[in-house]
Amino acid sequence: MATPFRSGRKGIVGGLEAPERDLLRKLFRDVILTLEPDPREDEDPLARLLGIGEETEPPEDPALARLLPRGTQDEEAAAEFRRFTERSIREAKVGRLRMAAMDCESPRLELDDEHAAALSAALNDVRLILAARLGIETEQDAARVAEYSDWEQAHDVESYMALVYQFVSWLQESLVEAMLGRLDSGSH
Amino acid sequence: MVTTLDRDMVTLTSTAAPVDAEGLPETVPEGEVGLLERSRSAPPWKVVVWNDPVNLMSYVTFVFRSYFGFSEEKARQLMLAVHEQGSAVVFTGGREEAERHTTALHGYGLWATFAQEGE
């Protein structure tokens with residue numbers, strides 16, 4: 001079982017068992033694959049350099065759409081916003097997910113503020129994707145998923161995914177509490 | 001960060017001629033320009049953060065504190081407003097800044113939108 005995160009002199013420290021590290025790295029990789037846009041040969045290199053994409057519509061995959069929501073109600077403005085920001089949001093997320101995956105290679109995690117923030121955002125993206133797959137849209141849905149607490153309850157994909165969601169939630173909560181403690185103590 | 005920024009803005013508008021920005025008066029009105037006057041004439045764009053059953057209350061508080069630099073008290077109040085009332089306005093100001101904050105909040109995984117005041 002993972003050691004809860006705590007704020008120490010060198011930053012935030014925590015510990016993960018080998019199966020937990022494997023699971024997290026796999027989850028981060030999956031989210032990276034979901035986020036990385038397919039390379040386009042006909043793309044304008046200048047547009048790519050400036051981070052301007054072709055996308056103006058929300059992603060069809062509801063899980064990806066949750067990671068890249070619309071920026072504003074007005075349809076035209078939302079399309080324009082997406083064209084100018086979606087690529088950079090994807091890239092920022094992928095960067096944090098890669099950093100998080102690397103940090104999870106070691107059984108003992110020692111995180112400075114940047115790495116801690118990257119891991120908490122990466123865990124959040126994993127939870128958003130899992131929540132979309134589990135159909136968590138209301139507090140009642142969240143409560144239904146929270147009923148799974150023991151790995152022995154894993155008997156199908158749904159229950160396994162719910163247990164993974166609970167584990168990642170617990171880990172993120174523990175990390176963010178340590179990060180808040182660090183802000184309070186002024187060692188940030 | 002925002003608190004400091006607001007204070008700087010007040011100092012700017014009350015002592016120096018305003019820069020040629022959208023929504024700002026061409027000339028300095030007579031007398032002191034206080035905080036309330038300044039915010040009434042500010043470009044009316046806002047960033048709203050919406051409630052969802054996934055984002056942890058602690059995480060939302062952390063993002064408000066670390067990204068916007070809000071105090072513990074302010075971050076907590078805004079987080080509770082999101083959680084209990086369904087949404088909260090976390091920024092009011094220019095459109096460009098509102099879009100930048102929305103982009104950053106999407107990066108953190110928060111559900112945020114920008115809109116013109118009154119929409």
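Contact means heavy atoms within 4.5 Å. The exercises below use a predicted model.

## Exercise 1. Chain A and chain B as folds

Task: state what share of contacts in chain A, between residues at least 6 apart in sequence, joins residues at least 24 apart. Then give the corresponding picture for chain B.

Solution.

Step 1. Take chain A. Of its contacts between residues at least 6 apart in sequence, 69% join residues at least 24 apart.

Step 2. Add the elements. Chain A has seven helices and three strands. From the N terminus they run β-β-α-α-α-α-β-α-α-α.

Step 3. Add burial. Chain A has 188 residues, and 47% of them count as buried.

Step 4. Turn to chain B. Among its contacts with a separation of 6 or more, residues 24 or more positions apart account for 64%. Chain B holds five helices and three strands. Its pattern along the sequence is α-α-β-α-α-β-α-β. Of its 119 residues, 42% count as buried.

## Exercise 2. A salt bridge within one helix

Task: find which residue pairs with Asp22(A) in a salt bridge, and say whether each partner is buried or partly exposed.

Solution.

Step 1. Find the partner. Asp22(A) forms a salt bridge with Arg25(A), and their closest N and O atoms are 3.0 Å apart.

Step 2. Place the pair. Both residues lie in helix α1 (residues 18-35) of chain A. They are three residues apart, about one turn of the helix.

Step 3. Recall the helix geometry. An α-helix has 3.6 residues a turn, so residues three or four places apart point the same way.

Step 4. Apply the cut-off. Buried means under 20% relative accessible area. Arg25(A) has 19%, so Arg25(A) counts as buried. Asp22(A) has 45% and is partly exposed.

## Exercise 3. A salt bridge between two helices

Task: which elements does the salt bridge of Lys93(A) and Asp125(A) link, and how far apart are the two residues in sequence?

Solution.

Step 1. Take the distance. The closest N and O atoms of Lys93(A) and Asp125(A) are 2.9 Å apart.

Step 2. Assign the elements. Lys93(A) sits in helix α4 (residues 75-103) of chain A, and Asp125(A) in helix α5 (residues 113-134) of chain A. The two are 32 residues apart, and the pair links distant parts of the chain.

Step 3. Check burial. Lys93(A) has a relative accessible area of 0% and is buried. Asp125(A), at 2%, also counts as buried.

## Exercise 4. A pair in chain B and a network in chain A

Task: describe the setting of the salt bridge between Arg95(B) and Glu99(B), then name the members of the network in chain A.

Solution.

Step 1. Give the distance. The side chains of Arg95(B) and Glu99(B) meet at 2.8 Å, N to O.

Step 2. Place them. Arg95(B) and Glu99(B) are four residues apart in helix α5 (residues 95-108) of chain B, which means a separation of about one helical turn.

Step 3. Check exposure. Arg95(B) is partly exposed at 34%. Glu99(B) is partly exposed at 23%.

Step 4. Move to the network. Arg82(A), Glu86(A) and Arg90(A) are joined into one network by salt bridges that share partners.

Step 5. Give the total. The count over all chains is 17 salt bridges.

## Exercise 5. Helix α3 of chain B

Task: how many residues of α3(B) are buried, and what follows just after the helix?

Solution.

Step 1. Gauge the helix. Helix α3 (residues 57-68) of chain B has 12 residues. From first C-alpha to last it reaches 16 Å, close to the 16 Å expected at 1.5 Å a residue.

Step 2. Count burial. In α3(B), 10 of the 12 residues are buried. Among them are Tyr59(B), Phe62(B), Phe64(B) and Arg65(B).

Step 3. Look past the end. Gly69(B), just after α3(B), takes a positive phi of about 75°.

## Exercise 6. The interface

Task: how many residues of chain B are in contact with chain A, and what area is buried between the chains?

Solution.

Step 1. Count contacts. 26 residues of chain B are in contact with 35 residues of chain A.

Step 2. Give the area. About 2,500 Å² is buried, and carbon and sulfur atoms give 60% of that area. In chain B, Pro53(B), Val54(B) and Phe62(B) lose the most area to chain A, together 25% of what that side buries.

Step 3. List the polar links. Two salt bridges cross the interface. Asp184(A) forms a salt bridge with Arg65(B), with closest N and O atoms 3.0 Å apart. The interface also has 11 residue pairs in polar contact.

Step 4. Trace the source. The largest share of the side of chain B that touches chain A comes from α5(B), with seven residues. That side divides into 10 nonpolar, 11 polar and five charged residues.

Key: Residues are numbered from 1 along each chain as its sequence is written. Chains are lettered from A and ligands numbered from 1 in the order in which they are written. This is a predicted model: local features need pLDDT of at least 70, side-chain atom pairs count only at pLDDT 80 or more; totals for chains, interfaces and linings use all residues. Side-chain values use heavy atoms; hydrogens and water are left out. A salt bridge is a side-chain nitrogen of Lys or Arg within 4 Å of a carboxyl oxygen of Asp or Glu. Buried means under 20% relative accessible area, exposed over 50%, partly exposed in between (1.4 Å probe, protein chains only). The expected span of a helix is 1.5 Å times one less than its number of residues. Buried area is the accessible area (1.4 Å probe) that two parts lose on being put together, summed over both. A polar contact is a pair of N or O atoms within 3.5 Å; within protein, one must be able to donate a hydrogen and the other to accept it, and residues adjacent in sequence count only if both atoms are side-chain atoms. Ala, Val, Leu, Ile, Met, Phe, Trp, Tyr, Cys and Pro count as nonpolar, Asp, Glu, Lys and Arg as charged, and the others, Gly among them, as polar.
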